[in-house]
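Colleague: I should be grateful for a close look at one part of this structure, namely a pair of packed helices. Please explain how the two helices are arranged and what lies beside them.

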Amino acid sequence: MTEYKLALVGFGGVNRALAQLIAERNQQWKTELGFTLKIVGVTDLFLGSVMNRHGLDAASLTRLPATQGAMAQLPGGTVDALNETVIKDCGADIIAEATFTNPVDGEPATSFCRWALERGKHVVTTNKGPIALHGAELKALAQRNNVAFEYEGSVMSGTPVIRLAKQSLAGSVITGFEGILNGTSNFVLTCMEGGLGFAEAVSQAQALGYAEADPTADVAGHDVRLKVVILANELLDAKLTINDVTCSGIASLSLDDIEKARHDNARWKLIGAATRQADGSISASVEPRLLSNDHPLASISGATNAVSFTSELLGAVTVSGPGAGRTETAFALLSDIIHIHQSATRKQEHNQ
Ligand SMILES: NC(=O)c1ccc[n+]([C@@H]2O[C@H](COP(=O)([O-])OP(=O)(O)OC[C@H]3O[C@@H](n4cnc5c(N)ncnc54)[C@H](O)[C@@H]3O)[C@@H](O)[C@H]2O)c1
Ligand SMILES: N[C@@H](CCO)C(=O)O
């Protein structure tokens, strides 16, 4: 039986939900998945940190109040966020990185990933910054250190998109994609269709755990821009930076615009897209588009997301599912860990 020692970096909605899954399902995973998880370190800017090589009680962690310095309430805990010590020295095999996404330079999360990979630890993350802004460097670092760098939750939360497209659509020759790639903005647009004002709808998305720490990233399109870069670089072999993606968000849409669209049997959607052009270059954009109600993406509502891949051999292949949510995104971290375990198991079998 394999037991992976896990450190949680950032203990907000997503990693707290992962701790909850561990508290509730670890024994079930032993038989279903062939491994269990032991949390040996947690660190958070606001809450502080705690380490124990023998394991921390996941249920107790989930009950910790979300108050400043709360980790100090646990045996051995401190109000200080000892990020570097936890990442490098708490004895973890896997670092689950879920701190704020920084859409400008990806820091400090990128440094957290570097520290872990340099120390020979696998990294699973839902943070879009490190991948969109420093993906090639981090993937090379992981390869050099013979560890995994997995980030399925960075696009469409727990809905499988990156691995599905890379593995199951391999050989189909993906030439582009368009999608609704931000749960918050789609939720806001859906609420506005029901007559709710923009600001109230954003507040609801925050309360439900969909929004970024600064929801401007959601509504201004910056979050989708990171996801377009991630998908284009992964699936179209592009080398895009955020500056290659034109970007506008939904903040300029009024209740009147939305009502007028309804009257015309159409809906406004924030669409992220990338396409390979005839000369091989990739064009990419994020913008609100008016879709007629019979467009496949028009009926995607609330925090649900969808992406439609265009491929030479299959035409359009569309995947839809949760695009945000604490437990949904924690599942993405679990799916990354499952992938790490399955790869390790295959390698062991191959070497026998
Ligand atoms: N919530 C979702 O639906 C969702 C979906 C997909 C991806 N993501 C991404 O996952 C990550 C986590 O999301 P979340 O909803 O848990 O966010 P959150 O804001 O609830 O939690 C983030 C936590 O990270 C901590 N933190 C921030 N900077 C830190 C630092 N320098 N050192 C240590 N701790 C730090 C904060 O104190 C906070 O507790 C974000 O990058 C987000 O973009 C979230
Ligand atoms: N804030 C993001 C989280 C998922 O990346 C969203 O609403 O889609």
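Modeller: An angle between helix axes counts as roughly parallel under 35 degrees, as roughly antiparallel over 145, as roughly perpendicular from 65 to 115, and as oblique otherwise. With that in mind, consider α7 and α8 in this predicted model. Helix α7 spans residues 183–193 and helix α8 spans residues 198–207; they pack at an angle of about 135°, and their axes are 9 Å apart. The two helices are therefore oblique to each other. Their crossing is right-handed.

The contact itself can be described residue by residue. From α7, the residues Thr184, Phe187, Val188, Cys191 and Met192 take part, and they meet Phe198, Ala201, Val202, Gln204 and Ala205 of α8. By class, this contact has eight nonpolar residues, two polar ones and no charged ones.

Thr184, which belongs to the contact with α8, is also among the residues around ligand 2. Others around this ligand include Asn182, Gly183, Tyr210, Ala211 and Glu212. Tyrosine 210 has a backbone N or O atom 2.7 Å from a nitrogen atom of ligand 2. Two lysines approach oxygen atoms of the ligand with their side chains: a polar side-chain atom of lysine 128 lies 2.8 Å from an oxygen atom of ligand 2, and a polar side-chain atom of lysine 227 lies 2.8 Å from an oxygen atom of ligand 2.

Glu212 leads on to the other ligand. This residue is one of those around ligand 2, and a polar side-chain atom of glutamate 212 lies 2.7 Å from an oxygen atom of ligand 1.

Note on methods. Residues numbered from 1 in each chain as written. Chains lettered and ligands numbered in written order. Predicted model: local features only at pLDDT ≥ 70, side-chain atom pairs only at ≥ 80, totals over all residues. Heavy atoms only, no water. Axes fitted to C-alpha atoms, helices over the stretch in contact; angles between N-to-C directions. Helix = DSSP H or I, 4+ residues; strand = E, 2+ residues; numbered from the N terminus. Left-handed = near helix turned anticlockwise from the far one by under 90°. Contact = heavy atoms within 4.5 Å. Nonpolar A, V, L, I, M, F, W, Y, C, P; charged D, E, K, R; others polar. Near = heavy atom within 4 Å. Polar contact = N/O pair within 3.5 Å; in protein donor to acceptor, adjacent residues only side chain to side chain.
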